[in-house]
Amino acid sequence: MSRIGKQPIAVPSGVTANAHNGVFTVKGPKGELTVPYNPALNISNENGQLLVTRPSDRQEHRALHGLTRTLVANAVKGVSDGYTINLELRGVGYRARLAGKNLELTIGYSHPVVIEPPAGVTFTVPEPTRIDVSGIDKQLVGQVAANVRKVRKPDAYHGKGVRFVGEQIALKAGKAGATGGKGKK
């Protein structure tokens, strides 16, 4: 049996969950999410805990068991706590600011880059070199953070660019330098 799939999901107070005909719906203090799942699997709510069970040990049911449990757990955590991904800007003159809801980045291009957040995602800029991407949908928050990073990926030689907080960049050595000799003639 799947080790992840058999773990129960605790439902916090103030969160209501309902699974019906392949659609899992969860409502909480931060909002509402729906997660589609294979209707062959069963999601039951017992004593404030959600359990995902599979009908058989067939390969397709085993493959979907852990996935469905993880997607349901992410939705429950999202509507109760939410998700935040932190980004940092490294480089001389690199900075970010909010223009209304939009994120405006000055990161070495001839023009500022403006990124509009999709519905359900918010940007905050606690410092000019830090960006926080927040929302209730884990997949959407991660994709938006990856799109912001993609605007100016960290440089392989100097490490300048947009990176996740705590991300280690493997820097290349660069040129070896002149040896003083003129070379062969």
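Reader: Is Ser80 buried or exposed in this structure?

Author: The model is a predicted one, and in it Ser80 is buried, because its relative accessible area is 16% and buried means under 20%. Ser80 lies in helix H1, which runs over residues 59–80.

Reader: Which residues is Ser80 in contact with, leaving aside its neighbours within four places in sequence?

Author: Pro12, Val15, Pro29 and Lys30 are in contact with Ser80 once those neighbours are set aside. Within H1, the side chain of Ser80 has a polar atom 3.0 Å from the backbone oxygen of Val76, and that side chain also reaches the backbone oxygen of Lys77 at 3.2 Å.

Reader: How many residues does H1 have, and what does H1 reach from its first C-alpha to its last?

Author: The general idea is to compare the span of a helix with the one expected at 1.5 Å a residue. H1 has 22 residues and reaches 33 Å from its first C-alpha to its last, which is close to the expected 32 Å. Just after H1, Gly82 takes a positive phi of about 90°.

Reader: Which residues of H1 are buried, and what covers them?

Author: Ser80 is one of the buried residues of H1, and the others include His61, His65, Gly66, Thr68, Arg69, Val72 and Ala73. Their cover includes strand S1 (9–10), S3, S4, strand S5 (42–46), strand S6 (49–53) and S7.

Reader: How do strands of a sheet pair?

Author: Strands of a sheet pair through backbone hydrogen bonds, and the pairing is either parallel or antiparallel. Here, three strands form an open sheet in the order S1-S6-S5, with antiparallel pairing. S1 and S5 are the edge strands, each of them pairing on one side only. Between S1 and S6 there are two bridges in the antiparallel sense, and Ala10 stands opposite Gln49 in S6.

Reader: What do S3 and S4 form, and how many residues are between them?

Author: S3 and S4 form a hairpin, with two residues between them. Strand S3 covers residues 23–28 and strand S4 covers residues 31–36, and the two pair in the antiparallel sense over six bridges. To follow the pairing across the hairpin, one can look at Phe24, which stands opposite Val35 in S4.

Reader: What should the 14 residues of helix H2 span at 1.5 Å a residue?

Author: Helix H2 (residues 138–151) should span 20 Å at that rate, and its end C-alpha atoms are 21 Å apart, which agrees. The buried residues of H2 are Val141, Val144, Ala145, Val148 and Arg149. Seen down the axis of H2, these buried residues fall within an arc of 140°, so they line one face of the helix. The face turned away from that buried side carries Gln139 and Lys150, which are exposed.

Reader: Which residue caps the N-terminal end of H2, and what covers the buried residues of H2?

Author: Asp137 provides the cap, with a side-chain oxygen 3.3 Å from the backbone nitrogen of Gln139. The cover over the buried residues of H2 includes strand S7 (83–90), strand S9 (102–106), strand S10 (113–115), strand S11 (121–127), strand S12 (130–135) and strand S13 (161–164).

Reader: Where is the place of Leu87, and is Leu87 buried or exposed?

Author: Leu87 has its place in strand S7, and it is buried, with a relative accessible area of 0%. Leaving aside neighbours within four places in sequence, Leu87 is in contact with residues that include Ala145, Val148, Ile131, Val133 and Val162. Ala145 and Val148 are among the buried residues of H2. Although Leu87 and Val133 are 46 residues apart along the chain, their C-alpha atoms are separated by 7.9 Å.

Reader: In which strand is Asp132 found, and which side chain does a polar contact join to that of Asp132?

Author: Asp132 is found in strand S12, and its side chain is joined to that of Arg130 by a polar contact of 3.1 Å. Asp132 is buried, with a relative accessible area of 11%. Its contacts, leaving aside neighbours within four places in sequence, include Thr84, Ile85, Asn86, Thr122 and Phe123.

Reader: Which residues does UniProt list for the domain?

Author: The unreviewed UniProt entry lists residues 11–82 and 91–163 for "domain: Large ribosomal subunit protein uL6 alpha-beta". In the model, residues 11–82 are 31% helix and 38% strand, with end C-alpha atoms 14 Å apart. Residues 91–163 are 19% helix and 40% strand, and their end C-alpha atoms lie 11 Å apart.

Definitions and conventions: Residues numbered from 1 in each chain as written. Predicted model: local features only at pLDDT ≥ 70, side-chain atom pairs only at ≥ 80, totals over all residues. Heavy atoms only, no water. Pairing = 2+ DSSP bridges. Helix = DSSP H or I, 4+ residues; strand = E, 2+ residues; numbered from the N terminus. UniProt positions renumbered as here; feature names shortened; annotations may be inferred. Expected span 1.5 Å × (residues − 1). Buried < 20%, exposed > 50% of the residue type's maximum accessible area, 1.4 Å probe, protein only. Arc of directions from axis to C-beta. Contact = heavy atoms within 4.5 Å. Polar contact = N/O pair within 3.5 Å; in protein donor to acceptor, adjacent residues only side chain to side chain.
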